[in-house]
Structure formats: C-alpha cells, structure tokens
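Hi,

Here is the structure I promised to pass on. Have a look at it first, and my notes are underneath.

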Amino acid sequence: MQREITRELVRRLLPGRMAESNKGSYGSVLAAAGSMAYRGAAALCTEGALRGGAGLVYLASVEPVIQLVLSRTPECCACGCRTAANGGIHPQDADALCRWFADRHTVLLAGPGLGESAADVCKALLGRNAPWAGAVLDADALNALAAGKYRGDLPANTILTPHPGEAARLLGLTVPEVQADREGAAVSLAEKYHCVAVLKGHHTLVAAPDGTVWRNETGNAGLAKGGSGDILAGLTAGLLAAGLKQGRTPEDAAVCAVWLHGAAADRCAKRRSMTAMLPGDLFEDLGWILGELGR
C-alpha cells in the first residue's frame with residue numbers, strides 16, 4: 001500500500017540547520033557531471049545540491065563545463081578534469097577522484113550530462129572500495145548501470161532516480177510494462193539494486209528495499225522539460241549529504257526531494273504557467289517553499 005508524502009512529513013524529515021554548526025556539519029557532494037555536449041546539466045545539478053543544503057559541493061568535469069558552472073554558482077568547488085576523445089571526463093581522472101575523496105564523508109552524484117564517457121567514469125567511481133558515504137545515480141549513470149558496464153554492489157545509501165525509460169532498461173522491461181505497474185517497478189528496482197528507487201513521472205514514487213512505497217502528489221506537466229531531472233538529482237544529493245550527518249536515511253532524502261521539487265514546480269507554474277516555466281526558474285520557488293517550512 002502506498003503512503004502519501006505530505007508537507008508535515010517533509011517538515012519533520014528535513015535536515016535541521018543548527019546555530020552551532022559549520023559547512024562540515026552538512027556533508028559534501030561530488031557531482032561527476034557534464035561534458036562538452038551537455039554542459040547545462042552540470043550547472044543545474046550542482047545548484048540543486050547547494051540549494052539542498054550540502055555544506056560543500058564539488059564538481060568534477062571538463063574545463064569548459066567548470067567555467068560555465070562557476071559563472072553561475074561560484075560557491076561550487078572545481079575539480080577540473082581532462083577531456084576524453086568523446087568530450088567527457090577522462091576515466092583516469094575519475095580514478096584520481098576516488099583517492100582524493102577518501103575519508104571525506106562525501107556523497108557521489110553521478111550521471112547528469114556525462115554523455116558517452118559515463119560507462120568508463122562510473123566504472124572508475126563505483127569500483128571496489130569506493131569511498132562514498134552515499135550516492136545518487138541519474139541519467140547517463142543509470143544507462144551505464146543498465147548496460148552492465150558496472151558490476152558489483154552499489155555504495156551504501158544509494159538512491160536511483162530513473163524516469164520510466166531508464167527504469168525499463170534497468171529492469172529489462174518495456175516502458176508500457178513499467179507504466180502499467182509503477183509500484184511494482186519501483187519496488188523491483190529497490191530490491192534488485194538494494195537501494196532507494198525514485199520512479200519519476202506523474203505521481204513520482206519512492207520505494208525502499210523493505211518494500212515501503214511513498215507516493216508524491218506535488219508537481220505538474222511543466223516539469224516535462226530537459227533539466228528538471230538534473231535539479232531533482234542535485235537536490236536529492238544535497239539532502240542526502242546533510243541528512244546522513246544527522247542520522248537521516250536515503251529514504252528520508254528521496255521523500256523530501258521529490259516533494260520539494262514538485263511543490264516548487266507548482267508554485268512556479270502559478271507564476272509563469274506550465275508552458276513558459278523553465279527548470280532554472282524552480283530555484284526561486286524552492287527557496288520560498290523551504291522558507292515556509294522554516295528551513
């Protein structure tokens with residue numbers, strides 16, 4: 001039976017901001033995102049992680065992407081990488097990132113805009129003894145996982161954020177089969193990959209490995225634009241990083257993220273209309289929603 005995500009539930013689960021704290025109190029996120037072909041995805045997901053409350057957000061990407069992101073959010077820390085022949089992050093630099101982030105209690109956000117380099121980059125980042133405190137895998141990272149490019153257990157505290165097409169590839173189903181039984185698909189993802197699964201779409205579902213399923217009622221068709229999912233992935237990673245420092249669970253982070261993302265979209269649609277609203281517009285509305293919740 002599905003449980004509804006409510007405003008009061010989110011208010012209760014959101015990580016708190018304590019007077020006696022510093023940036024280290026809220027964890028850190030490393031976003032492995034962006035490529036020469038998909039630069040904006042990195043900008044949207046890193047800002048999402050910052051807005052989600054992580055104390056520090058790092059971006060590992062090629063230099064043109066780094067330059068774009070820093071012009072938009074100078075709060076982001078740059079981990080510049082060499083450019084591979086396909087325009088993405090060089091896999092050898094991904095290996096170096098694992099060593100550099102050892103013992104830093106960092107959440108990995110992988111996938112948005114990685115492009116053709118995703119398989120090699122994710123293989124390096126998610127290999128044996130990966131140092132991550134948690135992980136959010138989205139977009140191209142999910143496609144690499146579905147294609148069998150990475151084999152082995154995912155890091156503890158992992159969240160997958162597929163849309164129906166990605167979920168179908170991960171489960172070996174068709175999109176109509178996923179949509180015909182969305183709850184079953186979400187639970188299957190959580191069980192197969194031993195993680196929290198966020199099945200995006202109308203009434204996004206959050207499934208935990210124990211079979212618990214949460215149903216989100218916020219959001220609208222204005223989110224059906226490229227970039228919306230990048231923001232959700234970043235927001236989820238930011239909430240996960242801050243929450244883990246306070247004893248929260250990946251399930252808590254996912255539940256809060258999907259509700260906040262949808263609530264921001266609902267407010268944004270009233271300002272700009274579902275047709276005219278852009279994913280980047282959501283950040284202003286996200287700030288208003290968090291303010292109303294006392295965060």
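Below is what I found, mostly on how the helices pack, plus a few single residues.

One thing before you start: this is a predicted model, and every value here is computed from it.

**Helix α12 and its neighbours**

I'd start with α12, which covers residues 282-292. Its buried residues are L282, F283, D285, L286, I289 and L290. If you look down the axis of α12, those buried residues fall within an arc of 160°, so they line one face of the helix. What do the buried residues of α12 pack against? There are four helices on that list: α2 (40-51), α3 (63-72), α10 (228-244) and α11 (250-272). Just after α12 comes G294, which has a positive phi, near 80°.

Of those partners, I went through α2 in detail. The axes of α2 and α12 come within 11 Å and cross at roughly 15°. With angles under 35 degrees counting as roughly parallel, that makes α2 roughly parallel to α12. The crossing of α2 past α12 is right-handed. On the α2 side, the contact is made by L44, E47, G48 and R51, and on the α12 side by F283, L286 and L290. Sorted by class, the residues of this contact are four nonpolar, one polar and two charged. You'll notice that F283, L286 and L290 were also in the list of buried α12 residues.

**α10 against α11**

Two of the other partners of α12 also pack against each other. For α10 and α11, the packing angle is about 140° and the axes are 8 Å apart. The two helices are therefore oblique to each other, since the roughly antiparallel class is for angles over 145 degrees. Here too the crossing is right-handed, with α10 passing α11. From α10, the contact takes in S228, I231, L232, L235, T236, L239 and L240. From α11, the residues are P250, A253, A254, C256, A257, V258, L260 and H261. Which classes of residue make up the contact of α10 with α11? Twelve are nonpolar and three are polar, with no charged residues.

L239 is worth clicking on while you have this pair on screen. It lies in α10, and its relative accessible area is 5%, so L239 is buried. Leaving out neighbours within four places in sequence, L239 is in contact with A253, C256, A257 and L260, and also with L14, P15 and G52. A253, C256, A257 and L260 are on the α11 side of the contact described above. If you want a distance to check in your viewer, L239 and H203 are 20 Å apart, C-alpha to C-alpha, with their positions 36 residues apart in sequence.

**α7 against α9**

The third pair is α7 (residues 164-171) with α9 (residues 182-193). Their axes come within 10 Å and cross at roughly 55°, so α7 and α9 are oblique to each other. In this pair the crossing is left-handed, with α7 passing α9. P164, A167, L170 and L171 of α7 meet R182, A185, S188, L189, K192 and Y193 of α9. That contact divides into seven nonpolar residues, one polar and two charged.

**A few loop residues**

Is S117 buried or exposed? S117 sits in the loop between β5 (106-110) and α5 (118-125). Its relative accessibility is 2%, so S117 counts as buried. Not counting residues up to four places away in sequence, S117 touches N86, G88 and I89.

Two other loop residues have a positive phi without being glycine. One of them is H194, with phi near 55°, in the loop between α9 and β8 (196-199). H194 is exposed, at a relative accessible area of 63%. The other is S273, where phi is about 85°. S273 is found in the loop between α11 and α12, and with a relative accessible area of 31% it is partly exposed.

That's everything I have for now. Shout if anything looks odd in your viewer.

Cheers

Methods
Residues are numbered from 1 along each chain as its sequence is written. This is a predicted model: local features need pLDDT of at least 70, side-chain atom pairs count only at pLDDT 80 or more; totals for chains, interfaces and linings use all residues. Side-chain values use heavy atoms; hydrogens and water are left out. Buried means under 20% relative accessible area, exposed over 50%, partly exposed in between (1.4 Å probe, protein chains only). The arc is that of the directions from the helix axis to the C-beta atoms. Contact means heavy atoms within 4.5 Å. Axes are lines fitted to C-alpha atoms, for helices over the stretch in contact, and angles run from 0 to 180 degrees between N-to-C directions. Angles under 35 degrees count as roughly parallel, over 145 as roughly antiparallel, 65 to 115 as roughly perpendicular and the rest as oblique. A crossing is left-handed if the near helix is turned anticlockwise from the far one by less than a right angle, and right-handed if clockwise. Ala, Val, Leu, Ile, Met, Phe, Trp, Tyr, Cys and Pro count as nonpolar, Asp, Glu, Lys and Arg as charged, and the others, Gly among them, as polar.
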